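The following briefing goes through one protein chain by topic, from its overall make-up to individual side chains. Please keep the sequence and the structure in view while reading.

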Amino acid sequence: MRGTRAAQDRRSREGMAARLGGWSTRHRKTAVIGWLLFVVLTAALGGMTGLTEPADSEQTVRDSARATVILEDAGIKEPPAESVMVSSKDKGGWRAVAGKVTRAVEDTGRVKNVREPLPSKDGRAALIGFQMRGDPESQDKGPITEVTEAVDKVRDAHKGDGVQIHQYGEASAMKWLDKILGDDFAKAEWTAVPLALGILLVAFGALVAALLPVALAVTAFLAANGILALISSQLHIDPTTNSVMLLMGLAVGVDYCLFYLRRERDERAAGRDPETALRIAAATSGRAVLVSGVTVMVAMAGMFLSGLLLFEGFAVATILVVFIAMLGSVTILPAMLSWLGDRIDKGKMPFLGGRKRDREQGRRKPSGRISGTLLRPVLAAPGLFAVAAAVAMLVLAAPALGMKTEQLSLDKQMPKEAPLRVSAEKINKSFPGGPDPARVVLKSDDIRSAKTRQALAGFREKVTHDSHFGKGVETAVYAKDDVAVIDVPLAGNGTDATSLAALDRLRGTVVPDTLGPVAASGQVYVAGELANSKDFNDQLRDGILPVFVFITVVTFMLMLICFRSVPIALASTVLNLLSVGAAYGVMTAVFQHGWGASLVGTDAVGAIESWMPLFVLVVLFGLSMDYHVFVVSRIREAHDRGAGTREAIREGIQATAPAVTGAALIMVAVFSVFATLSMQDMKQLGVGLAVAVLLDATVVRMVLLPAVMMLLGERNWYLPKWLGWLPRLEHGGAHDEADAGAGISGPVGPGADVPAPSQGYEAEPIQVR
């Protein structure tokens, strides 16, 4: 009776993770086959459905979106615009070659609306504009390739004649983007996975043990990718979301599996039998996986408050992949560990992971010896190290005070040496605003009326003689739909203060004064690259505060519930903010100011991609909980067993140091792969996250966290009486009961008398073969 009651008490406290682990190990075949069927089915259904991408109006906000809606409602699909600039050293020296370029592109039969060459202010260059034929939705690489080849033939024929020819436009840029996205995604996929596997091989010293985390992460990504495709029929998803989901899937999937597997192996090395070791891992690391996963998912949900479809897609994708990885870690992973047993050490790597006989006999070198050496001075002088580490993090964060954000145009997304980027910069220098003009969209009650025609003529006259705008204003009238579209080049380089001032003037005075009176219900809006970027930034500025408040409050509450400690919950939030601030500072220094940009194969583009700060904030607040939950759980576990503050911190840090180090290396490696890709936003994402994780796992977890906890002492676990109603989560109960039940008092060698796990309590058996 007493044993039955003890078992019932244990089962009531062991939590969902332990119960899921117990079920999985008792039904291994069902768990494994069920997981494989789930992955195959979701991946197949998603592949058949395909990803539904958002319409242009869904990817923009405010006036930019309203302008696009007018065009979409009218069924107006603007064909991709393209420009070719012919320049010469002498005034007018471009004329003959410009004529040949015009004839060459017309002869392809792939273009329409070819304009006469527009001379530059200094007369040394001319711009030839035209549009691609056909439906923009069905444009393939063929048409623009033919046009580009025709221009290249003219260029080759006039080499050495002192004439330069540069081509850039929407069609050629999209062709480059399509190729790069495919190449980059394949590079990320085929580089990140082997990197993670290599680090795991070093960590575990055995091929099978290293393959398990990678297999979990990859299958979680495949399943999430399939479900995301199904969801995209209702919530349209941007294609870049796949790259983000791969990154997150590898990071959390490998991390969760690594922590779980490391705890199981630690318990085995400490002398516990396979069943007990697996149950302890399920009750401790399994619970931490659930807490961490829920925290990450809740943090990601904050992106729904941004009011931007891009972030809503990111939120859905990351929540999906984290949930599936978390579910796999507490179900399929214990089932596989139970089934594999000692075969987990198959494929032993020489000189790695220690000797198998030592692990079987419970002999091992002390865990975390290096971390113990590094930790000793921190615990001896916590105040000094806390101040020094905090100052270092704040210094790294300082450049973020001058951070500038914008939606980077395609030419800025390209590498500096890319021919298309060079062409875009040269065209923009001679013809400000030419490649990316502002686009005025007017919806009139009667576009053919004399009043409207007069207003359009007045608008054109006004912008033609205004220094805020460039040359080459183009007007397209769609009489059937009562819509007019006017392209207005802006002064400046397209993103600087001059261009912003021109945009403000266009929106604030010129458009309202001239076209406002003839607009149907005030429907006249300004769109275009710069307008899109400004509207996106304005929406982010308004949306980031509720997202920030939501994330900080929710993570604080989750940590408060998990550890029943106000100081620990507060420290979690502050330390996370330090990591985020340092990441912002490094990103600003590298990509905005160009400090050390060559180290990641890029150059200063003068701004951070507008969606990056919010995304990095959300991801890091979620991912840093991995380390925090696992480390503090072990510290609390030691404290609950009666250890003093110093000893509990030392034991917790040293016990988790190998796993945290391995997890951090994998995350940094995966994120660094993205820093090597071609797209500027992917480089920024990779550098920002890699730096933040590295700092979080070293400076924050190895210095700041132990120093702060040492200074607080017993106040670490302070909880006001009025919060006594919070649920109590066990941190060391399973561990203690395992010791008591199994009668383990030290390492167990061959022939030692090890009582069965059922002695002292009735445990549900976990089968290991």
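Buried residues make up 55% of the 769 residues in the protein, as judged from a model that is predicted. The accessible surface comes to about 31900 Å², and carbon and sulfur atoms account for 59% of that surface. The secondary structure consists of 26 helices and 11 strands, and among the contacts with a separation of 6 or more, 79% are between residues 24 or more positions apart.

**The four-stranded sheet and the helix across it**

- Four strands, in the order 8-9-7-10, form an open sheet whose pairing is antiparallel.
- The edges of this sheet are strand 8 (474-478) and strand 10 (519-527), each of which pairs on one side only.
- Neighbouring strands of the sheet are turned against each other by 15 degrees on average, with direction ignored.
- Strand 8 runs antiparallel to strand 9 (residues 483-488), and the two are joined by five bridges; within this pairing, Val477 stands opposite Ala484 of strand 9.
- Helix 19 (residues 450-464) lies across strand 7 (438-444), strand 8 and strand 9, and its direction makes an angle of about 5 degrees with strand 9.

**Backbone: positive phi values in two loops**

- Most residues other than glycine have a negative phi, and the two residues below are listed for that reason.
- Asp482, which is not a glycine, has a positive phi of about 55 degrees, and this residue is found in the loop between strand 8 and strand 9.
- Asp482 has a relative accessible area of 16%, and because this falls under 20%, the residue counts as buried.
- Asn113, also not a glycine, has a positive phi of about 55 degrees, and is found in the loop between strand 2 (111-112) and strand 3 (118-119).

**Helix 21: a nonpolar patch and two salt bridges**

- Ile544, Leu545, Phe548, Val549, Val553, Met557 and Leu577 make a nonpolar surface patch of about 540 Å².
- Helix 21 (residues 529-563) gives the most to this patch, contributing six residues, and Met557 is a residue that lies in this helix.
- Met557 has a relative accessibility of 35%, which lies between the limits of 20% and 50%, so this residue counts as partly exposed.
- Arg541 and Asp538 form a salt bridge whose closest N and O atoms are 3.2 Å apart; both residues lie in helix 21, three residues apart, which is about one turn of the helix.
- The two partners are placed differently with respect to the surface, because Arg541 counts as exposed at 54% relative accessibility, whereas Asp538 is buried with a relative accessible area of 13%.
- Arg507 and Asp535 meet through their side chains in a salt bridge, with an N to O distance of 2.9 Å.
- This second pair links distant parts of the chain, since Arg507 belongs to helix 20 (residues 497-514) and Asp535 to helix 21, 28 residues apart.
- Asp535 has a relative accessible area of 3%, and therefore counts as buried under the 20% limit.

**Other salt bridges**

- The protein has a count of 26 salt bridges.
- One of them is formed by Asp603 and Arg421, with the closest N and O atoms 3.1 Å apart.
- The pair formed by Asp603 and Arg421 connects distant parts of the chain, 182 residues apart: Asp603 is in the loop between helix 22 (566-592) and strand 11 (608-609), and Arg421 is in helix 18 (residues 419-430).
- Both Asp603 and Arg421 are buried.
- A network of salt bridges links Arg263, Glu267, Arg272, Glu637, Arg641 and Glu651.

**Leu384 and a pair far apart in sequence**

- Leu384 lies in helix 16 (residues 382-397), and because its relative accessibility of 59% is over 50%, this leucine counts as exposed.
- The C-alpha atoms of Leu384 and Ala707 are separated by 8.6 Å, while the two residues are 323 residues apart along the chain.

Notes
Residues numbered from 1 in each chain as written. Predicted model: local features only at pLDDT ≥ 70, side-chain atom pairs only at ≥ 80, totals over all residues. Heavy atoms only, no water. Patch = residues over 30% accessible without salt bridge, like charges linked within 9 Å, V, L, I, M, F, W, Y side chains within 5 Å. Areas by Shrake-Rupley, 256 points an atom, 1.4 Å probe, with all protein chains shown as cover. Salt bridge = Lys/Arg side-chain N within 4 Å of Asp/Glu carboxyl O. Buried < 20%, exposed > 50% of the residue type's maximum accessible area, 1.4 Å probe, protein only. Pairing = 2+ DSSP bridges. Axes fitted to C-alpha atoms, helices over the stretch in contact; angles between N-to-C directions. Contact = heavy atoms within 4.5 Å.
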